[in-house]
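Visitor: I have a structure open on my screen and would like to learn how to read it. Could you walk me through a few features?

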Amino acid sequence: MRRYALLLSSLVVGLPALGAAQGFGIYELNTCMMGRAGVGVAQPCPDGSAIFFNPAGLASLKGTHISVGGTLIRPMGGFTDDLFGQKTDMASQTFVVPNVYVTHNFGNGLAAGIGLYVPYGLGTEWPTTFPGRFSGYKTRLNTLYIQPTLAYQVADRLQLGIGIAYIHSSVELNQRLDLSAQALPATGGILPPGTLFSAIGIPAYTDFADSKLTGSGNGVAVHIGAILKITDRLSLGGRFMTRKTVTINGDVAFSQVNTGLVFAPGTTPLNPTTPLPIDLVLAPEFAPGAPLSNGTATTQLTLPDQWTLGLTYQLNPKWMVSGDFQQVVWGWFNALNVTFANPATPPLARYEGFRDTYGYRFGTEYQYSPKYTFRAGYLYHTSAAPDITVTPLLPEGSRNEFTLGIGATLTPQWHADLGYQYVRQNDRRGRTIDPATGTIATTGVNTGLYQFSAHLVALGLALTF
Amino acid sequence: MSRTTTLLGAATLGLVLGAGCNDEQLFRPTSVIPVNALFTRYVAMGNSITAGFQSAGINDSTQRQAYPVLLAGQMQTPFFQPLMNKPGCPPPLVNVFTGAVVQPPVPPLNCALREPQPLPPPFLSDVAVPGAKVIDALSNFAPTGDANALTTLFLGGMTQIQAMERANPTFVTIWIGNNDVLGAATDTANAGNPALVTRVDSFTTRYTAMLNSVDSTPSKGHGVLIGVADVGLIPYLSYGQVYLFVKSTGALPANFAVSNDCAPSALGGVGDTVLVPFRYGFGLIAAAQANPSTTYTLDCLNDHNIEPAELANLHAAVKGYNAAIAALAAARGYAYADPNPALLALRADTAQVAPFPHANPADPKFTTAPFGTAFSKDGVHPSAASHKLIANLLIQAIDAQYGTTVPAVP
C-alpha cells in the first residue's frame, strides 16, 4: 500500500541521524578532563577517566582509583525564519550525564579498570507549533558504554591499552505528520493516483497524526590506545575506537490528531451532497493492519570510528599544555534504510550525506599549590551534517567551546573537581521540512537560521587508595 | 616561558578563534522587508477579484496579476497564494464568443488542481474565494452560502476567517460583498432576482461578525475595507438601449430584432434602466446567426434582464452595503475605499469599458478585449490593468489613513 509512503518517509529516519551528528556526541565524560577542553590523550587525568580518554593511560596510575562524576548540560537554541525573522526557541532542558571509572594497578605494569560513560546522548525538543515538528519535536538518544579495560607498561616510555565496550543504545523520536504531504486515498479515477492532499487545498503544516518511536539495541566496540613518552616533558598519545552498527528494534505508535477540517457538500467530487469530515476519512488508516497502525520498525544506528592524536608538553613542574586532534568518521554515512514489520508500510530510504568531523582541542593545567589545580581550554570542531541536512532533529554546526576547571585535593585519598564549559555553535542555515522519500534535499529549502549554545557544569569526586 | 612565546601563543589562539567563528546569516530579500511594520503579515480577504479570477477562469498567471499581489509588492511584504496549476480551474477564456480557453481543460474536473510548492508557504495571505459572499467568510455550510469547489481547493476545509486567523495578520484588506448582489444580477432565469440579493441588515450583521474576528488579530484597526462594486458598472451587463442603437447601425443580424421597449425612457422605453446580461443578449444574437430564417427578439421587459425595479433594488442594496462598510471602517479605524468612482470613470472611456454588442464587431480589439481593456474576457472581472488601478486606489487610502508612504504601482 503506497498511499502513505510519503508519510512514513519522515518517520524514523531521524533515528540514525541522532547518532550520526556530532552535536549529540558527548566528550564531557570526566570533570577534570572537561576543565581542559577534553584534551590529554597523551596525558589523561589521573582519576581513571583514561578508560575513555586513552585506555593506555591506566598504566600510569598507582593503586586503586574510583571516580564518580556528572555533567549538567543545559542547551539553548532556536530557529529564526528568513521571511519574518520570527524565532522559535527550543524547550528548556537540563541533562545529567553520569560517568563512573574504577581502576587498579597490579604493580607489575599491568592495570585494569572498568568504566561507564555516555559518549552519545542528549536530545532536542521543540514546541508542537514549530514548523519543524514534522521532522521531530522531541528526540532523545542515550548510548551507554560499559568498557572493561586493560593497560600495560610495555617499556619505560611506552604504554598500551585496550578496552572492549558493551554498548546499549535507546532512542525516542516524536513527530507530527503533515496531511498536506500525503497521497489521497483512491478517488475512483476522479483524480490521478498519487495526488497529494495539498493539491486539493489542504494547507501545509496540517497535523493529522502523532507518532512516537521508541527503540533500543546493543553492540560491542573495541577501544585501543597508546602513550609514548618522547622526552621527560613531551608525550605523544593516540586512541582509536571502532565503529559499531547497532540494530535498533523499535516500536512505532501512532495517534490521530484531529484536523477539524470538513469539506462542504458539493465542493469535491467525493462528497456531492454531504459534508466530508477529513478526520473520518483518515480514521481507518489508524486501524490494525492499516499503514498507520502501531507496529515495529527496524533500522541501524551507527556509532562511528573515532580516533584522537595529541601531544602534552610539561612547560615546568607546575604547568602543562596539551593539544589534541580528533576525527570522527561519519563520512561513509550517506543513506538510511528503514523496514517495518507492518506489510502495509513500505520500506524507506533517505539520503543523509554526513561527513567526517574534526576536532581541535587545546588545554592547559596549572598546579597552583599542592591543594589546588587550575585548568582551562578551548576547542573547535566541525559538524557532521552537510548544508542540506541541518534539521530540527539536530541543528548542528561548527562549534567553539571554552572551558575552565579547578581541582582540589581534599585529603590524600579524596580529590574533587569542578568544571565549566560554554558551547557556542556557529549560527547555521537549515531547514524545517523534509524532502519526499527518495529525494535529496537542497539548500534551497533552508529557510532560516539555527542558533545553539550550551552551558555545562561538571562535578567529580575521586578516591585513591 | 618567554614573552615571545606568550605572544606567539596568544596570536595562534586568536587565529584559531577567528577562524572558528563563522556565523551564517538570515537571508531576507529586501523585496520582503516591509516599508512599514504595519505590513509585516498581510492578508487579503474577498472573492473572485481578490483571488485573481479573470476571463471566467483562474490559474497561477491570473492570480499573480491580482491587486493584493501588487499591493503586497509595494508594501514589500511576503504574500502567499493558493496558486492553481495551468491551464486553470477552470481555464480562463481566450475568446468569450467561441468559448475557447487558454489550454485544453484537464478532465474530468476541468480543474488542474493546486500547484505544488517546493517550499510550503507558512500560511495563506490571499484567502479570498471566488464566488464568496460575506456569509461564506464565516461558514462553509451556510444554507444561503455559496461554498464551491474553489472553497476547498483554496482553503482546504477552512473558512476565510480561519485561514486569516492562521496567518495572524498585522494588516488586512477586505473586498467582499460583490457576490451578495452579483448572483442576482447574473441569475440566468431571472436576472436581478430580488430574492437573491442579501438584505442590507443581514449583510451588516454578517460583515460585523466577520470584522469582529479580524479585530481579534493583530490587524485590529489596520487595513482597508473596500466597498461593494456597483454591478451596473460591469460591461457584462449592457443597457437595453445599447442593443437598440447597435441594431440601428446594421451591425447585428437582420433576423435579430430589438423591441422598442429598449428605447431610452425619453423615447418611451426602459432601455436606460434595464440591463441585459451578456449571456442572454449574445445568446439571442448567436441563435439568430445560426438560424437565419428565424427571428429572435430582444425584449427589455423580460425576466432574463435586470428590469428597472430590480436594478433600483440592486443599487439600493449596494448603497446600503457601502454605507454599512464605511461606517464600520470609520468606527474601527480602518481605511475605506469605494471602487465605484474609479469604475464609473473607466466606463466613460469606451476603449476601457466597451458595452456589448459592438457597433463594429469586426474590430480585432473586440476579440482581445471584448469588454474593453479594463475588464477581462468575461466582462465581470477586472483586467490586469484594472488590478493596478485598484492597487493604487488602495495605496492612496492606506497612506491617507495611516500616514504611510507606500509607493504606487508603476
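Visitor: Let me start with the backbone. Which residue just after α4(B) takes a positive phi?

Guide: That is Q76(B), with a phi of about 60 degrees. Keep in mind that this is a predicted model.

Visitor: How far can I trust chain B, then?

Guide: Look at the confidence scores. Chain B has an average pLDDT of 93, and 95% of the residues reach at least 70. For the model, ipTM is 0.90 and pTM is 0.90.

Visitor: Back to the helix. Is α4(B) largely enclosed or open?

Guide: A general idea helps here: residues three or four places apart in an α-helix point the same way, because each turn takes 3.6 residues. In this case, helix α4 of chain B spans residues 67–75 and 8 of its 9 residues are buried, so the rest of the structure largely encloses it. The buried ones are Y67(B), P68(B), V69(B), L70(B), L71(B), A72(B), Q74(B) and M75(B).

Visitor: What covers those buried residues of α4(B)?

Guide: The cover includes the strands β1 (42–46) and β4 (171–175) of chain B, along with the helices α2 (48–51), α3 (60–64) and α15 (384–402) of chain B.

Visitor: And how many residues of chains A and B are in contact?

Guide: Chain A brings 39 residues into contact with 40 residues of chain B. On the chain A side, β11 (262–263), β19 (372–381), β21 (414–430) and β22 (448–464) each supply at least two residues. β21(A) gives the most, with 4 residues. Sorted by class, that side of chain A has 23 nonpolar, 12 polar and 4 charged residues.

How values were computed. Residues numbered from 1 in each chain as written. Chains lettered and ligands numbered in written order. Predicted model: local features only at pLDDT ≥ 70, side-chain atom pairs only at ≥ 80, totals over all residues. Contact = placed C-beta atoms within 7 Å. Nonpolar A, V, L, I, M, F, W, Y, C, P; charged D, E, K, R; others polar. pLDDT = per-residue confidence, 0-100. Buried ≥ 20, exposed ≤ 12 C-beta atoms within 10 Å, placed from the backbone.
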